[in-house]
Amino acid sequence: MKTLSENWITEGWIDFEYKKYLLLAYLQDVDVNFKQVKLYPPLADLIHHYSKLKSFAENKDQLRAAFPKLLESADLKEMKFNYKPIFFDDETMNQLEEIVAYALPQFQNYIEEGKSIYDFLEREMSLEPVGISPLYQKEGYLMLSQEDVKDVAIYKYKISLFQNSIDRFKGVMLQFIKSVRTSLVNTVEQIKLSLIKEYQDFPNPATYRIHSKYQIPLQESMIPISKRLLLKNVE
């Protein structure tokens, strides 16, 4: 998909019509992805740009800090370069503020559209354990299936706890194993038994199946939503 530069708002020609053209071209590509039910990376990218513009709108110093800088000198002793900010007059700042004011609601509208698609797809997915669930559920197997599709994508999952200076949060990693075709004989329960025989990581691994009522792109939509479902339902 098309992307916007990290500092698209301050890079290059500072002109409202030009920046509007860049933004609308990017959003047009986002719209194409949404119509194809491809939520990621467009939705995460939209949220990132919106958050950054929101900070710019609330703090002019951040907007000035995003401007490109000129190399002033090189300090060989300290092994570093010294830069000086490029001065922009009030007219330029007014142009940038106008661009930010125009872009913010544009991003917000597309974020709301993406979240609406996300929420709908999540409601149309079901999560169920396969076989007997063990006490330890932070690692195991995840089967992803879709309506009227016989192939099931099988992943090994691992839920981990991450911590930064502010908060702790959970994340899930998926490792693709293989795709298996289901049948009247080769049910998801039978597939689990085959996995236990083939991969002896756990004698009775936690195994879940997430099923979508709709056929949607696996990488761009089903996997991200499935990760969230798994985190919400598995301790």
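Me: Is Val37 buried, partly exposed or exposed, and what is its relative accessible area?
Reply: In this predicted model, Val37 is found in the loop between H1 and H2. Buried would require under 20% relative accessible area and exposed over 50%. Val37 falls in the class in between, partly exposed, because its relative accessible area is 24%.

Me: What is the phi of Val37?
Reply: Most residues other than glycine have a negative phi. Val37, although a residue other than glycine, has a positive value. The phi of Val37 is near 60°.

Me: Which residue in the loop between E4 and strand E5 has a positive phi although it is not a glycine?
Reply: The loop in question lies between E4 and strand E5, the latter spanning 151-163. The residue there has a relative accessibility of 72% and therefore counts as exposed, the cut-off being over 50%. Its phi is about 65°, and the residue is Asp148.

Me: What kind of peptide bond joins Tyr40 and Pro41, and what is its omega?
Reply: Pro41 is found in the loop between H1 and H2, and Tyr40 lies in the loop between H1 and helix H2 (42-58). Most peptide bonds are trans. The bond that joins Tyr40 and Pro41, however, is cis, with an omega of about 10°.

Me: How many aromatic pairs does the structure hold, and what is the geometry of the one formed by Tyr26 and Phe107?
Reply: The structure holds seven aromatic pairs. In the pair of Tyr26 and Phe107, the rings are 6.3 Å apart, centre to centre, with 55° between the planes. An angle over 60 degrees would count as edge-to-face and one under 30 as stacked, so this pair, at 55°, is tilted.

Me: How many residues apart in sequence are the parts that the pair of Tyr26 and Phe107 ties together?
Reply: Tyr26 counts as buried at 2% relative accessibility, and Phe107 counts as buried at 0%. Because Tyr26 lies in helix H1 and Phe107 in helix H4 (residues 90-123), the pair ties together parts that are 81 residues apart in sequence.

Me: Why is the pair of Tyr40 and Tyr118 edge-to-face, and at what angle are the planes?
Reply: The ring centres of Tyr40 and Tyr118 are 6.4 Å apart. The class edge-to-face needs planes over 60 degrees apart. The pair of Tyr40 and Tyr118 is edge-to-face because its planes are at 75°.

Me: Which of the two residues, Tyr40 or Tyr118, counts as buried?
Reply: Tyr40 lies in the loop between H1 and helix H2 and Tyr118 in helix H4, so their pair ties together parts that are 78 residues apart in sequence. Tyr40, at 27% relative accessibility, counts as partly exposed. The residue that counts as buried, at 6% relative accessibility, is Tyr118.

Me: Which residue is linked with Tyr26 and Phe107 into a cluster by ring pairs?
Reply: The cluster has Tyr26 and Phe107 among its members, and ring pairs provide the links. The residue linked with them is also among those with the most contacts inside the largest nonpolar core, as is Phe107. That residue is Trp8.

Me: Which element gives the most to the largest nonpolar core, and how many residues does it give?
Reply: In soluble globular proteins, nonpolar side chains tend to be buried together. Here the largest nonpolar core has 46 residues, and H1, H2, H4, E4, E5, E7 and helix H6 (218-233) each supply at least two of them. The element that gives the most is H4, with 12 residues.

Me: Which strand joins E7 in the parallel sense, and by how many bridges?
Reply: Strand E7 (residues 206-212) is mostly covered, since six of its seven residues are buried. Strand E3 (residues 125-129) pairs with E7 in the antiparallel sense over five bridges, and Pro129 stands opposite Tyr208. On the parallel pairing, Tyr141 has Thr207 in E7 as its bridge partner. The parallel strand is E4 (residues 139-146), joined to E7 by seven bridges.

Me: Which residues form a nonpolar patch on the surface with Tyr18?
Reply: Tyr18 lies in helix H1 (residues 16-35) and counts as partly exposed because its relative accessibility is 32%. The patch has about 400 Å² of accessible area together. The residues that form it with Tyr18 are Trp13 and Tyr21.

How values were computed:
Residues numbered from 1 in each chain as written. Predicted model: local features only at pLDDT ≥ 70, side-chain atom pairs only at ≥ 80, totals over all residues. Heavy atoms only, no water. Patch = residues over 30% accessible without salt bridge, like charges linked within 9 Å, V, L, I, M, F, W, Y side chains within 5 Å. Areas by Shrake-Rupley, 256 points an atom, 1.4 Å probe, with all protein chains shown as cover. Salt bridge = Lys/Arg side-chain N within 4 Å of Asp/Glu carboxyl O. Helix = DSSP H or I, 4+ residues; strand = E, 2+ residues; numbered from the N terminus. Buried < 20%, exposed > 50% of the residue type's maximum accessible area, 1.4 Å probe, protein only. Phe/Tyr/Trp six-rings, centres within 6.5 Å; stacked < 30°, edge-to-face > 60°. Pairing = 2+ DSSP bridges. Core = buried A, V, L, I, M, F, W, Y, C linked by side-chain atoms within 4.5 Å.
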